[in-house]
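Got your viewer open and a selection box ready? Let's walk through this one stop by stop, picking residues as we go.

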Amino acid sequence: MSELVTIYIDGQPYEVPKGANLVDVAKFYADNGIPVFCYHPKMEPVGMCRMCLVELGTIMRDRDSGEVITGENGEPQVRWFPKLQTACTTTVTDGMVVRTNTDAVIEARDDMIEFLLTSHPLDCPICDKGGECPLQNLTMAHGPGRSVFYWEDKVRLAKHVPLGELIYLDRERCIQCARCTRFQDEIVGDDVLAFHERGRELQIITVSDPPFDTYFSGNTTDICPVGALTTADFRFEARPWELKDIASLDVYGPEGANISLSTRLDRDAGGIVIIKRVMPRQNEAVNEIWISDKTRFGHHHTRAAERLTKPKVRVGDRLVEAEWDHALEVIRKHIKPNVSVGAIAGPTLSNEDLWELRKLAQAVNAGAKLSIYPATMTGGDIIAQVGVGVGTNFKDMGSGTTIVVVASDIEEEAPIWYLRTKVAGDRGAKILVLNARETRLDHYAADSIRYDYGAAVSAVNDLAKHEAVTNAENLVLICGAEGMTLEQHGELMNACANLLVSTGHVGRPNNGLLAVWEGANVQGAFDVGFSTEATAEMMAKVPDLLFIAGCDPIGESAEAAGLSKAKFIVVNSLFDTPTTAVADVVLPSQSFAERDGTFTSGERRVQRFYPAQGVIGQSQTDWRIFASIRNGLNGSAVQRLTAGVFKELAGEIAAYEGLTYPALAVVERQFPDVGGDDLYYGGTAYQNNGGLGVQYPATSEAEGAKPSKFATKGKKTSYKGLTAIPVNRLYDRGYLFKYSDELMQQRIGEPFVVINPADAANIAGGSRVGVTIDGVQYEALAVVSEDAPKGFVLMPKRLTSQPGPFAPAAIETIEVIAEPVGA
Amino acid sequence: MLIEKYADRIEKTFSKYPDKRSAVMPVLYIAQEEYGWLPDEAINEVADICDMDPTQVRSIAGFYTMYSEKPKGKYWLQVCTDLPCALRGADKFHKELKEYLGVEEGGTTDDGMFTVEHVMCLAACDKAPMLQCNFHYVENLDMDKMKALLDEWRAEAKEDK
């Protein structure tokens, strides 16, 4: 803990950490909200808005003796600054005296509000921010209620300026606090917003192409203290006071970002409660108060028109709608003793779903294969042994910490980890990037190490001698699987674990391994007993009876086509997909928004989400569907509540021992205090009232634990000829995100491949090419760039409706289908 | 392309600064010299050269008044009309110059030769009326001298063609 000093705020003494910011301290310790517009607890202070003016002084001490000088009445003498000071640019020191409620301070606030309002439009009734607007609130609290300025002189500017597709700027409402530009610059590192001109002409601009191109743009609307930045998604959709907030979790990434679903009864949606917007929910250990645009705007699938509303049963070569009882009956009829069984779980199934799926599959056949889709990464058990220690928080990482990112473009694969890694780097942490190609994180890296695709393992082994690793006090490895087969990734995970164990960086906070899982609950699936190796085995020998839930393997992965050979296929799905097309029974399941459950994040944090949206059609929770099938099967008792399923699970899975729903819902006060009524301070991110979750300990954290050795064969794979490397992109046409609204569709863009200039002899950038792999042609836009290493073609996954390769694959031919437009 | 045409000058500029980003302002001047003002094309080139986002470069161009974001004539005449200069007749000179060229404040002649605007103190009060033409001082002016200079510049421009 840092050193404490005593300061006096409005006459009261407080013990506060030395060097802390005065605004933060006054708020957290003295519950004294010094009003601010430009200051934000997550960013460096700039002192631009002058709203936080206070009277500041220090207790006088004798120069020689250091004794406190007292006046006639024995009170310590205070040396006051002659003028008011900005609290936000002040760090606390011992004996600091602050007055926040004197006439001078009140008058100053009064004046600042008056100045701000000289040109701020009075369109609160149609402003999306109205009702949760810091300017509105602070005007009510501190404003003069009159103005000496002529309203006619107010500046008139454009009111509907699109900054990219997702964000609208209202130039008149902007009060020039620079929070958005500083967020983009300091926190994200995409400095695509800036001020233009000066004085009264000052305006926010973006001239980047494409405009406001960043994965975090939505966060600027949260921290905007006025309605200048609003999202296209929520524009004119609802008023904040009509919304009910339900704690939930991101369903796309492994980071476990905490979100809050703002819901409302909606006539247009058929009179059910729907999600009107997604907002961040503060969890300082997970996502602080930031979420990616995918998390924020990717909620439309929950009520897409394509949602399945009734079960379907195969009759001949058609799927026809049926009642639940009939559908379940049909399934039970096909469950015979000793039938071989496989289960494929998608990455968005909750732990409860997975538990019931496992119980069902094993009830039918004890040797059932339990597999995870997508089967691109492995090593959930390794994470359970040497994953990051309990209490790990990127926020605590700085000088002395080394963060290594291997084989992952984490900006695309885990944007919150990207953001937090980048900011840790700014605080002094060393970032090492190991990849076969350049990624955005290289820009912030202390060292970028390039290996050839196929040689990642030896690159990690060589790290043991790297100065940034040998000198590291704390070491975190973030491991992806780009350009690897499942087997190669297993080797890499072993190599990473080996490095951590051999250098002693396991079993304590801010040390250990993270895997960039492709989805929200892949770690949970591993924990409950599912594996990706089982998927590979299943592809090799397709079982007779197949349960597929929460994914679309046949529609996305070229390797999964063989699954359709199973004799009887049951698919739980939100939508009609190529996978449901080969099913014998299709059961409509519920999205994360309609139900409750738990996800386990990549940091092994088990977190709860809660029901928010009205149920669509006759859809059912996945675990309930599995329980219903099993119930009729052998009469075994099933749980009635999600909490009951979790309790059962926690009783049998050792890592989850002792975890309960109430324990996961515990919240405590976080620093800085964001949310609540003090919107001006941290923005409109929500206070966490749904639970901070519990990180279960890795086995290497146990008292006296000796982590086992992890062996690697160190075998290199070398590729001959042109090879396709499937890569992940944040915005894709995957199972859920495909059903986003038009807003996100524009951002996904059309399919493309990246070819190195040396390999693109007769291919011009911008032409349409056909890439043939394994006899299948994939059409895409050709991007000719050094981003792809020589001999390799980067092929983003899931950009078309055509299933593509998920592992490196030899390219037979690339031919030009059409020359670039305009060439 | 600036990077090709002014490779030497840009290289020399870079050598004066710790990183490329810091050299953005001198490089912007080079771009302005080439284009006469700073169109989006110039901003994008400078952004490429200095390894910055175009938005940041545009922001810098917007903040400083010596970067022009609107097309200017070949000769950019900035007349100082602050108080000491005005006392020596600079405001009258400014007005007459505009009338002679037939332009409004900040306007450009139809032939694209001259842009006239008034500016704040150029620190040459003792030699007023004065102006700066493409950032070079021309001092102790009156309209006769000015007319001669304008003809000279016109001739110069013709030769350049």
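## First stop: a greasy spot on chain A

Select A:Val148: it is exposed, with a relative accessible area of 66%. (Exposed means over 50% relative accessible area, buried means under 20%, and partly exposed is in between, with a 1.4 Å probe and protein chains only.) A:Val148 sits in the loop between α3 (134-142) and β7 (161-163) of chain A. Helices (H or I, at least four residues) and strands (E, at least two) are DSSP runs, numbered from the N terminus.

Now add A:Phe115 and A:Phe149 to the selection, and with A:Val148 you have a nonpolar surface patch of about 320 Å². A patch takes residues with over 30% relative accessible area and no salt bridge, joining like charges within 9 Å and nonpolar side chains (Val, Leu, Ile, Met, Phe, Trp, Tyr) within 5 Å. Areas come from the Shrake-Rupley method with a 1.4 Å probe, and for residues only the protein chains shown count as cover.

Before moving on, some housekeeping. This is a predicted model, where local features need pLDDT of at least 70 and side-chain atom pairs count only at pLDDT 80 or more, while totals for chains, interfaces and linings use all residues. Residues are numbered from 1 along each chain as its sequence is written, chains are lettered from A and ligands numbered from 1 in the order in which they are written, and side-chain values use heavy atoms, with hydrogens and water left out.

## Salt bridges in chain A

Next, select A:Lys159 and A:Asp123, which form a salt bridge with the closest N and O atoms 2.8 Å apart. This pair links distant parts of the chain: A:Lys159 is in the loop between α3 and β7 of chain A, A:Asp123 is in the loop between α2 (103-117) and α3 of chain A, and they are 36 residues apart. A salt bridge here is a side-chain nitrogen of Lys or Arg within 4 Å of a carboxyl oxygen of Asp or Glu. A:Lys159 is partly exposed at 24% relative accessible area, whereas A:Asp123 counts as buried at 12%.

Widen the selection with A:Lys154, A:Asp170, A:Glu172 and A:Arg173: together with A:Asp123 and A:Lys159 they are linked in a network of salt bridges.

Where does the next pair sit, A:Arg437 and A:Asp409, buried or exposed? Both are buried, and their salt bridge has its closest N and O atoms 3.6 Å apart. A:Arg437 lies in the loop between β20 (430-435) and β21 (447-450) of chain A and A:Asp409 in the loop between β19 (401-406) and α10 (410-413) of chain A, so the bridge ties together parts 28 residues apart in sequence.

Then try A:Arg669 and A:Asp673, whose side chains meet at 2.6 Å, N to O, in a salt bridge. A:Arg669 is partly exposed at 46% relative accessible area, while A:Asp673 is buried at 19%.

## A covered helix and two cis prolines

Select residues 179-188 of chain A, helix α4: 8 of its 10 residues are buried. Among them are A:Cys180, A:Phe183 and A:Ile187. The cover over the buried residues of this helix includes β9 (194-196), α5 (218-223) and α11 (415-426) of chain A. Step just past the helix to A:Gly189, which takes a positive phi of about 85°.

Go on to A:Pro210, in the loop between β10 and α5 of chain A; the peptide bond from A:Asp209 to A:Pro210 is cis, with omega near -5°. Another cis bond runs from A:Tyr373 to A:Pro374, also with omega near -5°. A:Pro374 is in the loop between β18 (369-372) and α9 (380-386) of chain A.

## Over to chain B

Hide chain A and look at chain B, with its 8 helices and 4 strands. Of its 161 residues, 46% count as buried.

Pick B:Asp51, in the loop between α4 (40-50) and α5 (54-63) of chain B. It has a positive phi of about 55° although it is not a glycine, and it is exposed at 56% relative accessible area. B:Asn140, not a glycine either, has a positive phi of about 50° and lies in the loop between β4 (136-138) and α8 of chain B.

Last, select B:Asp151, B:Glu152, B:Glu156 and B:Glu159, which gather in a patch of negative charge on the surface. (Asp and Glu count as negative and Lys and Arg as positive, with His and the chain ends not counted; a charge is placed at NZ of Lys, CZ of Arg, CG of Asp or CD of Glu.) B:Asp151 belongs to helix α8 (residues 143-160) of chain B and is partly exposed at 45% relative accessible area.

Methods:
Contact means heavy atoms within 4.5 Å.
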